[in-house]
Amino acid sequence: MTDDLQPIDSPTAEPIVINPAERASERRQFFRTALGAAAVTVAGATALTLGPRAFADTTSDVDNLNFALQLGYLEAQFYNIAAFGGTGLPAGQLTAGSAATGTNVAGQATGARQVTFTDPLVAQYAAEIAQDKAAHVAWLRTELNTVASAQPTIDLGTTATGAFSTAMRAAGVISGASATFDPYASDENFLLAAFLFADVGVSVLRGAIALITDAGHREIVEGAMITDAHHAAIIRTTLYVKGATNASLLTNAGKISDLRDALDGTGDDDQGISPTTGTNPVANVIPTYADGTIYARDGQHALNIAYLNSAQVTKGGFFPNGVNGTVVTSAAN
Amino acid sequence: MTDTPPTEQLIPALAESRAARRRFLIGASRTGLALGTVALLDACGGSNNGTATPTPTDTTTATPSPTATSVIIDQNALNFLINIEYLTAQFYAAATATPLAASLLTGTGTQGAVTGGRAVTFTDPLVAQYARELAADDLAHVGFLRSMLGAQVVAQPAINIDGGASGAFTTAMLGAGVIGSGTFDPYASDENFLLAAYFLSDVAVTAYKGAGLLFTNTLLLAAVAGIMGTEAYHAGLLRTTLYAKGATNATLRTNAGLISNYRDSLDGTTDLDQGITGTATASNIAPADANGFAFTRTAGQALNIFYLNHAAVVGGGFFPNGMNGVTITSAAS
C-alpha cells in the first residue's frame with residue numbers, strides 16, 4: 001500500500017508540519033536498535049506528521065475481514081486461554097475455509113496458560129472479553145466461509161526470547177537479556193499484556209470502516225470496533241484505577257504505548273493513560289487526536305506492532321511465521 | 001486528551017490536528033468531496049475549539065457533487081450527531097464547570113438555551129478526572145463536527161439537563177424506576193453522575209453506529225468513525241466504573257439494568273440494550289449481540305430515548321423543543 005506518504009511533495013501540499021514531539025525521538029531510535037530492526041531512515045527535515053491512517057483502498061472487503069480475523073485469532077487465543085485455561089479456540093475454528101494451499105494451514109497458538117486472578121473483577125472482565133473475541137472469530141469465519149484464512153502460528157509464551165518478553169524488554173518494562181515477562185503470573189501482568197494489543201485492534205477497525213464497501217459489512221465492522229473499544233476501555237480504566245495506588249502501572253502503560261509508537265512509524269498515534277498534572281488533572285483513558293477522534297492504523301502499521309519490527313518484514317514477534325491472507329507485510333518506517 | 005504535560009501538550013496536539021486536516025484535504029482532492037469546497041475549507045481551517053471562521057474565498061470553484069441527495073444525507077447525519085454532542089458536551093461541561101464558548105452554539109435553526117446543570121463535587125478523584133476527560137472529548141467533537149459542516153451546521157437546540165423535579169433526568173429515572181418518586185439530581189454525587197452519563201452515553205454510541213451506515217462520503221465516514229470510536233471508549237469507561245463500584249454497591253448494577261430496560265422500552269420491541277451485569281463469572285461491559293457486535297439504533301429510535309417518548313414526536317425530554325435540523329422525529333416504537 002502506498003499509504004499516506006507521497007502527497008507531501010505534491011505542489012498542492014501545505015508546508016510540512018513537523019510534530020515537535022517527534023524531533024527528539026531518541027526513545028524511538030532506541031527501541032528500533034533494541035529490537036534489532038533494519039536500519040530506519042529518520043527523515044529529518046522532510047519528516048512528516050502523519051494524520052489518521054486507513055486501509056489503502058486497493059484492499060477488498062475479503063482482504064480486510066481476513067486481516068481482522070488474523071488479529072482476532074491472536075486476541076481470542078490470548079484471552080480464552082488466560083481466562084479459561086485449556087488450549088483456546090476449538091480446532092474447528094482454526095482451519096482455512098477451503099482446502100489449504102501454501103502457508104494457509106492452521107498453526108498453533110503456544111505458550112499461554114490460565115491466569116490465577118486475584119481480583120475477581122479482572123477475572124470477570126477477562127471472561128467477558130474472551131467470549132466476545134471468540135464470537136468475532138466465529139462470525140468472521142462464517143462470513144468469509146470458503147475464503148476464511150487459517151490461524152497462523154502464534155507465540156503467546158513467556159520465555160526470554162518469546163514475543164511478550166521481547167516486547168516488554170524493548171518497552172523498558174523489564175530489563176536484561178534474560179529477563180522474562182509472564183502475562184499469566186498476575187492480574188497486573190495480564191492487564192499490561194492485554195493493553196499491548198487492545199488499542200491496536202480498535203485503531204485498525206477504525207481505519208477499515210470507511211473502506212469496507214458492502215453495507216452489511218460496514219455495520220459489522222462498526223459493531224466490532226465499538227465492542228473492541230469497550231474492551232480497550234475496560235483494560236485502560238482498570239489499569240488507571242489500579243495505577244492510582246500502584247504508579248508503576250501508569251508508567252509501564254506509557255512505556256508500552258511509546259513502544260507501539262516507535263514501531264509503527266514517525267507519527268504520534270498512540271497514548272498511555274497517565275493523567276495530566278496540575279490542580280484539576282484529566283484522565284487519559286481514551287487515546288485520541290486533538291479533534292477527539294481515536295487513532296487509526298492501517299494493517300501494515302498494525303503488523304509493525306504484532307511483528308515487533310519497525311521495518312518492512314513478513315513475520316516475527318507474536319506471529320513467528322507471519323499472518324495468512326493478503327495483508328501480510330509490515331510498513332517500512 | 002494527550003499524555004504529555006499540559007504546558008507541552010498543545011503544540012504537538014495542534015500539529016497533529018493540522019496534519020490530520022491536511023490529509024483530509026489531500027484525500028478530498030483526490031476523490032472529490034460530497035460536501036463541496038466550502039465545507040472542506042472549513043474542515044481545514046477550523047480549530048478544535050471551534051473558534052476559527054470559514055474562509056469564503058473559493059466558492060466559485062465548488063467541487064461537483066456526486067448527487068445532491070447524497071450531500072444532503074451526509075449533512076443531515078452530521079447535524080443529527082451534533083445535536084447529541086451539544087447535549088452530552090453541555091452535561092459534562094456543567095458537571096466539570098467548564099462551560100462551552102457561545103461561538104460553538106450558533107448555526108441554522110432556532111438556537112436554544114441550556115436549562116439546569118451545575119458542578120459536581122466529586123468524592124472519588126478518579127471520577128472527577130474521567131469527567132474532565134469526557135468533557136474535553138465531547139467539546140472537541142462539537143468543534144470537529146462544526147468544522148465538517150461549516151455554514152450548514154445547526155445551532156444548539158434547547159437542552160434540558162436540569163437536576164430538579166421537573167428536569168429530564170428526573171423524568172428518565174422515574175421512568176426507569178431508579179427512583180420511585182421525588183427527584184434525581186445527576187450533580188449530587190459521583191454515583192448519580194455516573195448513572196446519568198451512562199444513560200446518555202450508550203444511546204450516543206448506538207446512534208453513531210446507525211448514522212455511520214448512512215454516509216456516502218467516505219472521508220466524512222472516516223472522521224465520524226473516529227468520533228464513534230471515542231464514544232465507545234466513553235461508554236466503556238462509564239460501564240466499567242459502574243461495574244467496579246457495583247462490586248461493593250450493588251445498587252449501581254441494579255440501576256444500570258433498570259436504565260437499560262427503560263431505554264429498551266422506549267425504542268421499540270427489538271432488544272437493543274443491555275445492562276452491565278453478566279453471569280456469575282463474566283461481566284457485561286460491552287453491550288453486544290450473540291456475535292459480539294454492538295447494537296445499532298436508527299435516528300428515530302435514538303430520538304425515542306432522548307425525547308423520553310416511545311411515540312413519533314418532535315421534542316421532549318432532553319430536547320424540550322426537539323433537535324435542530326431535519327432528523328427530528330422519533331420513531332413510532
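Visitor: In this predicted model, what makes the contacts in chain B between residues at least 6 apart in sequence mainly long-range or mainly short-range, if the dividing line is 24?
Guide: Of those contacts in chain B, 71% join residues at least 24 apart. A contact requires C-beta atoms within 7 Å, so residues at least 24 apart in sequence supply 71% of the pairs that meet this cut-off at a separation of at least 6.

Visitor: What is the corresponding value for chain A?
Guide: In chain A, 73% of the contacts with a separation of 6 or more come from residues 24 or more positions apart.

Visitor: Why is a given share of chain B called buried?
Guide: Buried residues make up 60% of the 333 residues in chain B; each is called buried because 20 or more other C-beta atoms lie within 10 Å of its own. In chain A the share is 62% of 333 residues.

Visitor: What makes B:Ala131 part of a nonpolar core?
Guide: B:Ala131 is among the residues with the most contacts inside the largest nonpolar core, which has 203 residues. Membership requires a buried residue of a listed type, Ala included, joined through C-beta atoms within 7 Å; B:Ala131 therefore counts as buried. Helix H7 of chain B, residues 218-246, gives the most to this core, with 17 residues.

Visitor: Which residues does B:Ala131 touch beyond four places away in sequence?
Guide: B:Ala131 touches B:Tyr92, B:Ala95, B:Thr96, B:Val120, B:Phe122 and B:Phe193.

Visitor: How many helices and strands does chain B have?
Guide: Chain B has 9 helices and 2 strands, in the order α-α-α-β-α-β-α-α-α-α-α from the N terminus.

Key: Residues are numbered from 1 along each chain as its sequence is written. Chains are lettered from A and ligands numbered from 1 in the order in which they are written. This is a predicted model: local features need pLDDT of at least 70, side-chain atom pairs count only at pLDDT 80 or more; totals for chains, interfaces and linings use all residues. A residue is buried if 20 or more other C-beta atoms lie within 10 Å of its own, exposed if 12 or fewer, and partly exposed in between; C-beta atoms are placed from the backbone. Two residues are in contact if their C-beta atoms, placed from the backbone, lie within 7 Å. Helices (H or I, at least four residues) and strands (E, at least two) are DSSP runs, numbered from the N terminus.
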